[in-house]
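User: Could you take a close look at one part of this model for me, the place where the two chains meet? I would love a connected account of the contact and of what lies behind it.

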Amino acid sequence: MEKMSRVTTALSSNTISGKTMFCHLDAPANAISVCRDASQVVVAGRNIFKIYTIEEEQFVEKLNLRVGRKPSLNFSCADVMWHQMEENLLATAATNGAVVTWNLGKPSRNKQDQLFTEHKRTVNKVCFHPTEVYMLLSGSQDGLMKCFDLRKKESVSTFSGQSESVRDVQFSMKDFTFAASFENGNVQLWDIRRPDRYERMFTAHTGPVFCCDWHPDDRGWLATGGRDKMVKVWDMTTNRAKEIYCVQTIASVARVKWRPEKRFHLATCSMMVDHNIYVWDIRRPFIPFATFEEHKDVTTGIVWRHQHDPYFLLSGSKDSTLYQHMFKDATRPVDKANPEGLCFGLMGDLAFAAKESLINSDTNRKPYPGGDRRNPLFFFKKTDPTEQFAHVSSALTIYQTGLDSNHMDWFVSTAQRYLLTGKPFAELCDHNAKVARELKRPQVSTTWTMLRIMFSDPANLPAAGLNHSLSKLGSLPLMNSFSLKEMGSVLASESRLERGKGDSRQDNIHLETGNSHISNNNEENEETEGSDGPAECMFGDAELDDDDLYSMDHENQAEEQEYTLPQEGFQLRHEIVDNPSAPEHFQQDKADSPHVSGNEAEVPCLTPIESFSLISISQPLFTHHLPASFFCPIVREMLSYYAEQGDVQMAVSVLIVLGEKIRKEIDDLTQEHWYMSYIDMLQRFELWNVSNEVIKLSTCSAITCLNQTSTTLHINCSNCKRPMSSKGWMCDRCHQCASICAVCHHVVKGLFVWCQGCSHGGHLEHIMNWLKSSAHCPAGCGHMCEYT
Amino acid sequence: MMEVQDQESLGRWDRLGSRDLSTRLEAMEIISQEVTRKVEAIGPLTSSPPATGTVLSSDLNDILAHLLMLSKRCPFEDVRERCIQLLQEVQDLGVRIPRPLGNGPSRFIPEKEILQVSKVDSRTQSIFEDAFAALGRLDNISLVMGFHPQYLESFLRTQHYLLQMDGPLPLHYRHYIGIMAAARHQCSYLVNLHVNDFLQVGGDAKWLNGLGEAPQKLQQLGELNKILAHRPWLITKEHMEALLKAEEHSWSLAELIHAVVLLTHYHSLASFTFGCGITPEIHCDGGHTFRPPSLSQYCVCDIANGNGHANLHDDQLGDQDMCGEVEVLMERMKQLQECRDDEEASQEEMATRFEREKTESMLVVTSEDEECVPSRDISRHFEDPSYGYKDFSRRGEHVPTFRAQDYSWEDHGYSLVNRLYPDVGQMLDEKFQMAYNLTYNTMATHKDVDTSMLRRAIWNYIHCMFGIRYDDYDYGEINQLLDRSFKIYIKTMVCSPEKTTKRMYESFWRQFQHSEKVHVNLLLMEARMQAELLYALRAITRYMT
């Protein structure tokens, strides 16, 4: 909260007071300007030209300058300025190219004083010299700036920018310099006494520079705003204009005005879309210092009410209102900002930054036992007494998950070894099951096997194929040993699940339990996350699966009970279950246990069977087998489960391998989300090839089009370093072939490899061969080439 | 099976666009093998082809037509030569080969005036190669625009981005919207072109039966298409709201901007197509024939538009009447430039001049006599075929005035487009500027002429027809600079392009060169696009606020 006492001291004459208030105008405003003693404001627009007095409680219309039967286009104002020395003098810029001055001291109703019609196009801006009473400057669409002496009937000098239209002209506070901003992005500096050429020109923005404003105190600071949504502050005291601050806003910047008495503050409003007025501290370019959100349409004019009072801002808008904003009523976005951040690292590490006070108050937290480590890092920003920002010092905490640093290896190697296409469905499943098993992820492995059995169409699949795959399975070493005492372990893992749920929330990527400190983790997570709801959902999923399996079994029972079950079926499955190292198993365990205890009939279709004879017996039964689509709900649940668990790899891989069989079951958005997550992870692990394969195999249009973006390759000529125009292998400029192989001296069309030390290179094969015999560069430059 | 074949056939043309000579030769080799195979499959032509044979032979015919196109239009000489050779070989085998109909890319401009693909400067060559690589063809529009390579480059970049690069709409939607927009002006040329593209990117052929078969979402766009094409000033934020808030069929803002840009692009491109009398692509329907040349010499459209050989001698006649036309025009421009400061028209006078010009533009008669009934083939792509510009001009409806200073492309339109469809704002901006500022400082045979006044008059006249007024322009200038026959041409081309005839094209600016007339067409096209865009974007802005 600002203190009003400061206001009064800052003002030279009478005190300013008031409140946030507004009045309706008859028409949209294009520009506003205040008189020097801050008691009146003039509003100009296409259909409005009025003077209002600013009173304590309200705006009062004092004078309507739009007079005459049929107001001419000279009244259609693009800009207006009230003279800061002569309080009866105003100037307007008309859309038809006229520059008009108005004398309020005239006794007649029509206050029009002088009319200059020298500009051929719309005049965008007029500006009085701050100290020279009779000097008026205009900038127009025709690319000219004209300086008028109000005692004469014509302009005294014309400045040609030699470029497109002039958007803004501003006199510097103290001397005879003025800045002009242009539609092509340039800003020019002129001396008013030298109309022949500008003193300096630089490109400030891409696209039009809509506005500029000199700093009222800091001589040489110029703020510019452009269509490229940026506000830049330039230091003009040096030889080359130097950009010292840059604020990125969300829309093109229409006006910029320095805040009086506050060295680093400026106000902006935008040309389109965004209706708010922002006051920025240019040293803090990310969040506006204050925001005024009153207007319902774009703000077209902003002006500080008094040149020494930073607490009153006036604004006019296309919504036909005129506002006085009190600084104390402004919204402070920084108060709403959430100074907390949370991010996962690639390896499952978790970084958490929060206000230091928040972290410190939390003193009763237990330190981490064992493998989990907490690295508190504290950052302080040196305080600057002129800054009015709340000083936030944040604490950054990094949590590591477990000591095993290679714990994401399974992901990488799974990604590399999985086969997603190119073979019959059953073989893909078997292959992937094998990969998973070898990586000690038996649950995943089992899932693949189950998928194969569920979806290999038994009616069409020749028995041989099935037998073949089964026999292959049977020969795997893991299948050979089993024990029967696994019921206990199943139960144990279930109970562990209760404790482990927190853990699985904490780290979506890596899921490893078996640590002794799960309960601690749990506690920590309750503190940070506040809820373990999702974990309960997971239970729900698992139970649902049970139901599904049950119901299916009942339907199937009549048929399947006709043959006897091989005992081996049981044991094999137990063997698969037996690996309580990862929590992914919980669902599997839960889902499986009912079959173990109750429904034995279901087993044959879930488990590989070693005996050939049994398969051949069951063959006729398979022809009456359930259609593959019957399993779709289960598989869908299963995929969602994996995705929820963080193993989006499994979800996507299954999605690709099953292809049409499951695609329709899952809505496109979810699929897209999974694909995006998986591709993102693959790319973070730099598994570019796999990621590309996934993109290619995906059927979501949003994903496949990823491969069609950024397909342009820009190359520079290796001789002259200029960009190559698209004309084959010859460089336009130096007329030499770019990218010549240092070994064979032919143009390389294809893979080009080069040494980063000497930048010589050539065909991949040639260089590889060369390096077998020599370590020196084949180009003869004497460099000892290094290739990684 | 058919789909697989289609895929293959598409792939086979693609590789001809490669910049690498050997790749092209390889691709050519594969094509020639396939042609030989197909020719053999058909067998001796003397026997009447059985039912299965027609499929085969129509397939072969398509390939032959494509080869014919390549032999004329491919920017790579080797491909052209090889295609000619291959066609010759096929003919020698006794197969009937196609020949191009019409004379060159434009009906209005003699073929010899237009750049030959084989004789262009390196810059244009490079632009052509790019276009060919991107689309697998070099269309007649590009060839005609080749008069102005700077502009062509900007045009192709924008079009390529709109159709093929990142954007909110799926590819087949983009082509379909192009078809919708072109069909609004019964521009069969653009429709045919994009029907092919639409199918190529995997569009559902069923949609082509009519808008009714397309998804609800696209059907809703029909209304906007209609108004935008004929009376853009009637667009309100309610139209936008209807599209943006249609529950499951609703458009997102970004999609809508994309669609609007596409619609306006194709409306104005249709104007250009008719304005320059672009002939059908050689490989499309109506671009070639398998009939021997002894039959009719006319293209069907020529007959429909009353362009026969009849007006061949018009030129000589006209030259006498219009002698000195250019000089008169230049003299007027000079006068206007000098007298401007002396004669100060009152503001009321200026306003009246605008209104007068606007009203008069309504009364400029486009050839009303012939009631052009759109061929059924094209009209199925839009509803309400009777809705046109002329309806309103007959009733003398009032076009409200749109103040350019209140909503300009540079300040407002650009920001909105770039916000919702990044980069496109920039490209359009460059294209508009390129068209507006393009000049060679020549007029007919005169050099070192400042044509800015003339260009501005043309630009503002078109905006004036759409009710867009610039406060800082004296509309009296238009009357001085644009004569009646030119106004008729502009009016026809912008408002009902399908009625443009060769006579109109020839009767304005008789002494000017064809390249200058194409330049005028570019101005007309861009000015029209900007006018439509301004109305549509203003409505979207109003919806957003």
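Analyst: Happy to. One term first: a salt bridge here is a side-chain nitrogen of Lys or Arg within 4 Å of a carboxyl oxygen of Asp or Glu. Please keep in mind that this is a predicted model.

By that rule, A:R227 and B:D429 are joined through their side chains, with N and O 2.9 Å apart. The interface of chain B and chain A holds 5 salt bridges, and 11 residue pairs are in polar contact between the two chains, both residues being at pLDDT 80 or more. On the chain B side, at least two residues each come from α5 (122-135), α16 (347-363), α19 (409-420), α20 (424-437) and α25 (514-544). The greatest contribution is that of α19(B), with 7 residues. Sorted by character, the residues of chain B that touch chain A are 17 charged, 9 polar and 4 nonpolar. In total, 30 residues of chain B and 32 residues of chain A take part in the contact. The area buried between the chains is about 2,900 Å², and carbon and sulfur atoms give 47% of that area.

A second bridge deserves your attention. A:R46 pairs with B:D406, again with the closest N and O atoms 2.9 Å apart. This pair runs between chains, from the loop between β3 (40-44) and β4 (49-54) of chain A, where A:R46 sits, to the loop between β3 (402-403) and α19 of chain B, which holds B:D406. The two partners can be told apart by burial: A:R46 counts as buried because its relative accessibility is 9%, under the 20% cut-off, while B:D406 is partly exposed at 27%. The pair also belongs to a network of salt bridges that links A:R46, B:R403, B:D406 and B:D471.

Now follow the helices of the interface into chain B. The side chains of B:K431 and B:E526 form a salt bridge at 2.9 Å, N to O. B:K431 lies in α20 and B:E526 in α25, so this pair ties together parts of chain B that are 95 residues apart in sequence. Both residues are buried. For a local counterpart, look at B:K226 and B:E223, whose side chains meet in a salt bridge at 3.5 Å, N to O. These two are separated by about one helical turn, because they are 3 residues apart in helix α10 (residues 216-230) of chain B. B:K226 is buried, with a relative accessible area of 11%, whereas B:E223 is partly exposed at 38%.

Behind the contact there is the nonpolar interior. The largest nonpolar core has 137 residues, and B:M145, B:F272, B:I458 and B:I490 touch the most other members. Helix α25(B) gives the most to this core, with 16 residues, and it is also one of the helices on the side of chain B that touches chain A. Leaving out residues up to four places away in sequence, B:M145 touches B:Y151, B:L152, B:F155, B:L269, B:F272, B:L522 and B:M525. Apart from this core lies another of 52 residues, including A:W410, A:A415, A:L682 and A:V694.

For the wider setting, chain B has 25 helices and 6 strands, and 57% of its 545 residues are buried. Among its contacts between residues at least 6 apart in sequence, 77% join residues at least 24 apart.

Key. Residues are numbered from 1 along each chain as its sequence is written. Chains are lettered from A and ligands numbered from 1 in the order in which they are written. This is a predicted model: local features need pLDDT of at least 70, side-chain atom pairs count only at pLDDT 80 or more; totals for chains, interfaces and linings use all residues. Side-chain values use heavy atoms; hydrogens and water are left out. Contact means heavy atoms within 4.5 Å. Buried area is the accessible area (1.4 Å probe) that two parts lose on being put together, summed over both. A polar contact is a pair of N or O atoms within 3.5 Å; within protein, one must be able to donate a hydrogen and the other to accept it, and residues adjacent in sequence count only if both atoms are side-chain atoms. Helices (H or I, at least four residues) and strands (E, at least two) are DSSP runs, numbered from the N terminus. Ala, Val, Leu, Ile, Met, Phe, Trp, Tyr, Cys and Pro count as nonpolar, Asp, Glu, Lys and Arg as charged, and the others, Gly among them, as polar. A nonpolar core is a set of buried Ala, Val, Leu, Ile, Met, Phe, Trp, Tyr and Cys residues joined through side-chain atoms within 4.5 Å. Buried means under 20% relative accessible area, exposed over 50%, partly exposed in between (1.4 Å probe, protein chains only).
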